[in-house]
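I opened this one to see how the parts pack. My notes follow in the order I looked things up.

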Amino acid sequence: MYDLWVNYPAVPAQQAAVAEALRGLAADPEALPAGFGPPPGDPRSRAALAPLLGMAPGQDLALTCGGQSALSVALLAALGATSPARRRVAVEAYTFPMARNFFRMEGIPTLGLPVDAEGLQTDALERALASADPPGVLYLMPVLHNPLGLTYSAARLQRIAAIARCHGLWVVEDEAYAFLAAPEQRPPTLASLIPERTLVMWSLSKILSLSLRLGALSHPPALADAVAEQVRIRGLTANPVVAAAAAAMATDGCAARIVAEKRAEGERRRAMARDILGTRRFAADPGASWHIWMRRPEGETEADFLARARAAGVSIAPAKHFHHLDREAPLFRLSLGGEADPARLEAGLRILAEVLGE
Ligand SMILES: Cc1ncc(COP(=O)(O)O)c(C=O)c1O
C-alpha cells in the first residue's frame, strides 16, 4: 500500500542531525538536563527555540511532548480564560481532525464557519458573535491550512484581529505547517497583531523530526499560570533531553538547514504531483504545503471511492475526515509526505492518476 494519507514532511538529513545533537548531549554531562525543570520546560531550551519558531514579541513560550499536546493546552487555557457562558469554539468548516476529536472528547461545543479564498469569512464570525450563544474561542490555521493548503490574506487576518479585540474573543493559531512557507510568502501571525489574546501552537516533530515528539505553544504572559497548570496536571511537560537536543539543533543552524531542505523537497514533490496528476483536480492552490486538496470523480460515494483507491494500492484522506460535522464531499486530501522515498511517492501518484481517471 502506498501511503498518500500521512503528512509529516521529512527529509533524510534530519535523522543524522538528531543523532548529532544527541551525541553532543551524551558527550557533555553538563549540557544534559538533570531533571524535568519547570512545567513549561527548561528556560535555556525555550530561549534557543523561540527564534526558530518566530514567536511574537510579548509572548511566553512553553514546550510540550508533541504538537497535539501544545494544541490541547492552548485550547484549554483559552477556554479557561473565557466566561462559562462562552465555552464554545468557532472552527473553520474543514479543520484539523484531532482538534475536532479533542473537542468531542472534552464535550466542548463547536461552531463551523465558512472559509473563502482569503480565509475565514468574517461576516459569519460576526453573526456568530452577535448570536445568543457566542463562541469564546476561535481556532484556526491561517498559514498552509490543513487540509485546504490555503494561506489567509493579511487583510483578512487584520479584520479577524479587530473583531477578536472588539468581542473579547480568544484565538488559538495553529502554525503546524507554517514553517514550510518562506517568510515573504506568509502574512503576519495573529499573535503579532493581538498578542494579548492569541495562543500559538507549533509541532517540532514536523519542523525537525518525528523522533523528537516535541511541541511548543506561545501565549500572553497573563495566561502563564493557566498554561503551566495544564501542562503539569495533564503530564505534558516536554522530555528535557529531547528539548535540549532540539535547542542544540536550533542554535547551531542545523534546524534552519532542515527547514530549507523541507521547503525545497516540498517543491519537488508538488512538481511531481502536477506532472503525474495534472492540476485539473486541484480544489485549491497548495501553496508551499506537502498536501493538496483535490476533487474526486463525482457519482460514487466516498466509501466506494476510498475502497477503489485502497484496492488499487493507495490510501488517501477523505473530506469527511476533516469536516467539523463529518460531512461527505467529492473532495480528498492527497499527502506528499507519507512516503519518505520519492520513487515510492511517484509509484503511488501513478496509481492515483489511474484511480482518478487522469
Ligand atoms: C494542523 C495540525 N495541527 C496540529 C498537529 C499536531 O502535531 P503533532 O502531530 O506533531 O502532535 C497536526 C499534526 O498532524 C496538524 O496537522
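**Entry 1: the ligand**

Which residues surround the ligand, and which of them are the closest? I'm working from a predicted model here. I found 13 residues around the ligand. The closest are Gly 67, Gln 68, Ala 176, Ser 203 and Ser 205.

Next I looked up where that shell comes from. Two elements, helix 3 (67-81) and helix 8 (204-207), give two or more residues to it. Helix 3 has the largest share, three residues. I also sorted the shell by class and got seven polar, four nonpolar and two charged residues.

**Entry 2: the domains**

How is the chain split into domains? The domain assignment gives me two stretches for domain 1, 2-11 and 255-356. Domain 2 is 13-251. I get 25 Å between the two domain centres, going by C-alpha atoms.

How many residues does each domain put into the contact? I noted 28 from domain 1 and 32 from domain 2. On the domain 1 side, helix 11 (254-277) and strand 11 (291-295) each supply at least two residues. Helix 11 gives the most to that side, with seven residues. By class, the domain 1 side comes out as 16 nonpolar, seven polar and five charged residues.

**Entry 3: helix 11 on helix 13**

I followed helix 11 further, to where it meets helix 13. Their axes come within 9 Å and cross at roughly 35°. The crossing is right-handed.

Which residues meet there? From helix 11 I listed Arg 269, Met 272, Ala 273, Ile 276 and Leu 277. Facing them in helix 13 are Leu 345, Glu 346, Leu 349, Arg 350, Leu 352, Ala 353 and Leu 356. My class tally for this contact is nine nonpolar and three charged residues, with no polar ones.

**Entry 4: helix 12 on helix 13**

Helix 13 (residues 342-356) also pairs with helix 12 (residues 302-312), and here the axes come within 10 Å. I noted a crossing angle of roughly 140°. Why call this pair oblique? Angles over 145 degrees would count as roughly antiparallel and 65 to 115 as roughly perpendicular, so at roughly 140° helix 12 is oblique to helix 13. This crossing is right-handed.

The contact is made by Arg 308, Ala 309 and Ala 312 of helix 12. Helix 13 brings Ile 351, Glu 354 and Val 355. I count four nonpolar and two charged residues by class, and again no polar ones.

**Entry 5: back to helix 3**

Since helix 3 came up at the ligand, I checked what it packs against. Helix 9 (residues 224-233) has its axis within 9 Å of the helix 3 axis, and the two cross at roughly 130°. The two helices are therefore oblique to each other. I put this crossing down as right-handed.

What makes the contact between them? On helix 3, I wrote down Val 73, Leu 76, Ala 77, Gly 80 and Ala 81. On helix 9, the residues are Ala 226, Val 227, Gln 230 and Val 231. By class that's seven nonpolar, two polar and no charged residues.

**Entry 6: to keep in mind**

I'll keep two things from this round. Helix 3 gives the ligand shell its largest share and also crosses helix 9. Helix 11 leads the side of domain 1 that touches domain 2 and also crosses helix 13.

Technical notes. Residues are numbered from 1 along each chain as its sequence is written. This is a predicted model: local features need pLDDT of at least 70, side-chain atom pairs count only at pLDDT 80 or more; totals for chains, interfaces and linings use all residues. Domain bounds come from an automatic or database domain assignment. Two residues are in contact if their C-beta atoms, placed from the backbone, lie within 7 Å. Helices (H or I, at least four residues) and strands (E, at least two) are DSSP runs, numbered from the N terminus. Ala, Val, Leu, Ile, Met, Phe, Trp, Tyr, Cys and Pro count as nonpolar, Asp, Glu, Lys and Arg as charged, and the others, Gly among them, as polar. A residue is near a molecule or strand if its C-beta atom, placed from the backbone, lies within 6 Å of it. Axes are lines fitted to C-alpha atoms, for helices over the stretch in contact, and angles run from 0 to 180 degrees between N-to-C directions. Angles under 35 degrees count as roughly parallel, over 145 as roughly antiparallel, 65 to 115 as roughly perpendicular and the rest as oblique. A crossing is left-handed if the near helix is turned anticlockwise from the far one by less than a right angle, and right-handed if clockwise.
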